[in-house]
Each structure stands twice: as C-alpha cells, then as structure tokens.
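Me: I'd like a close look at one part of this model, and then a walk outward to whatever lies around that part. Keep it chatty, but give me the numbers.

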Amino acid sequence: IVINKGRLMKYFLILLALSLSLFADSIEWNKDYKTAVEKAKKTDKLVFVFITSKDCKFCKKLKETTLEDKNIVQKINKAYSSVIVMKDKDFFPSKLNAKATPMLYFLDKNENIIDYSLGYWDVADFNFILKDVQKRYLKGMKK
C-alpha cells in the first residue's frame, strides 16, 4: 500500500476542521465545579453553574434548546467558565442551594453569587438573564 503523506495530511486537516465545527456551537463545560472555578480565576471569567438532576425534564429541555442556541453558546463561552453538576451526586458548595432543578447560578471568580434562577428559560428570557447578570456584576450587586 502506497500512502501519499500530503493527501493523508489534507484529509486529516479536513476531518479535524469538521470535528471542531461540530463542537464549536456547544458550551464548553468543565468536568467539575472545582475545575470551573480554577479556570474562571485563570481566565478572569465568571462562573455559570447549571444544577440538574437525573429525571428533570425541564433540565433536559433547557440543555437541548436554550443552551444549544448559537447566540447563547457564544455569550456563555466568552464570559463564563461553565459546569453542569448533578444535584445529589456531584460536589458544589452548600450555599448554592438547589431544592429544585434546574437551578442556575452565576458567580464571580471568587465564588460570590451574582444572581441565580430556578426553572426553564427560553432563549429570549435567558438572554435577558445574561444581560442582568452582567449589570449586577459590573455594579457589584448581589442577589
């Protein structure tokens, strides 16, 4: 078998570009809460914590609709270090009270709560929440 290295490299680069484009429109989720906070400190970003539970239909709807919207994804990836945590499984600070899910927390890089929200939000409402979080953060206000 004769392999043309130039042609092989070309196919590899095309495959790589296609693979990256598949993931480009997804939120860059960190593996756990601690990693999200560490990344926020290193990159000077805020922290977005999405608390979910196993059988939460509104969590699934939020993740598969609103959090897949291209505009929302770009805003989240630009300004936040993000993490999804399972309510009864994963570690997150007790001050992030999650009696119900989906529960969304927006923190500064020092883990201070800027804002929080319970429930499913469509794209328009979630955009409003993101704008409000930015205003609160810039003003130094906390909920």
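Reply: Let's start with one pair of residues: Ile51 stands opposite Val85 in β3. Keep in mind that this is a predicted model. Ile51 belongs to β2, where Val47, Val49 and Ile51 line up on one side. The pairing of β2 with β3 (residues 80-86) is parallel and runs over 7 bridges.

β2 has another partner, β4, and there the pairing is antiparallel, over 5 bridges. If you want a residue to click on for that, try Phe50, whose bridge partner in β4 is Leu104. Phe50 sits on the other face of β2 from Ile51, along with Leu46, Phe48 and Thr52.

So how covered is this strand? Of the 7 residues in β2, 7 are buried. Neither face is left open: Leu46, Phe48, Phe50 and Thr52 are buried on one side, and Val47, Val49 and Ile51 are buried on the other.

Now step back along the chain, just ahead of β2. The loop between α2 and β2 holds Asp44. In contrast to the buried strand, Asp44 counts as exposed, because its relative accessibility is 55% and the cut-off for exposed is over 50%. Being exposed doesn't leave Asp44 without a partner, though: its side chain meets that of Lys109 in a salt bridge, N to O at 2.7 Å. Asp44 comes from the loop between α2 (33-43) and β2 (46-52), and Lys109 from the loop between β4 (103-107) and β5 (113-118), so this bridge ties together parts that are 65 residues apart in sequence. In other words, the loop leading into β2 is linked to the loop that follows β4, and β4 is itself an antiparallel partner of β2. At the Lys109 end, the relative accessible area is 27%, so this residue is partly exposed.

There's one further thing to check around Asp44. The C-alpha atoms of Asp44 and Ala79 are separated by 8.6 Å, with the two positions 35 residues apart along the chain.

Ala79 brings us to helix α4, which covers residues 70-79. Which of its residues are buried? They are Ile72, Val73, Ile76 and Asn77. These four span an arc of only 125° around the axis, which means they lie on the same side of α4. At the N-terminal end of α4 you'll find a cap: a side-chain oxygen of Asp69 lies 3.1 Å from the backbone nitrogen of Asn71.

Go past the other end of β2 and there's a disulfide, Cys56 to Cys59, with the sulfur atoms 2.3 Å apart. A search of the whole structure turns up 1 disulfide. The link of Cys56 and Cys59 is right-handed, with 80° about the S-S bond. As for accessibility, Cys56 is buried at 11%, and Cys59 is buried too, with a relative accessible area of 2%.

Let's come back to charged pairs, as the structure holds 4 salt bridges. Another one to look at is Asp115 with Arg136, N to O at 3.3 Å. Asp115 lies in strand β5 and Arg136 in helix α5 (residues 123-139), so this bridge ties together parts that are 21 residues apart in sequence. Are its ends buried or exposed? Asp115 is buried, with a relative accessible area of 5%. Arg136, at 19%, counts as buried as well, because the cut-off is under 20%.

Arg136 has a further partner in Asp132, and their salt bridge is 3.0 Å, N to O. This one stays within helix α5: Asp132 and Arg136 are 4 residues apart there, about one turn of the helix. Asp132 is partly exposed, at 23% relative accessibility. With partners shared between the bridges, Asp115, Asp132 and Arg136 join into one network.

For a quick tour in the viewer, start on Ile51 and Val85, hop to Phe50 and Leu104, then follow Asp44 over to Lys109. After that, drop in on the disulfide of Cys56 and Cys59, and finish at the network of Asp115, Asp132 and Arg136.

Notes. Residues are numbered from 1 along each chain as its sequence is written. This is a predicted model: local features need pLDDT of at least 70, side-chain atom pairs count only at pLDDT 80 or more; totals for chains, interfaces and linings use all residues. Side-chain values use heavy atoms; hydrogens and water are left out. Helices (H or I, at least four residues) and strands (E, at least two) are DSSP runs, numbered from the N terminus. Buried means under 20% relative accessible area, exposed over 50%, partly exposed in between (1.4 Å probe, protein chains only). A disulfide is a pair of cysteine sulfur atoms within 2.5 Å. The arc is that of the directions from the helix axis to the C-beta atoms. A polar contact is a pair of N or O atoms within 3.5 Å; within protein, one must be able to donate a hydrogen and the other to accept it, and residues adjacent in sequence count only if both atoms are side-chain atoms. Two strands pair if DSSP finds at least two bridges between them.
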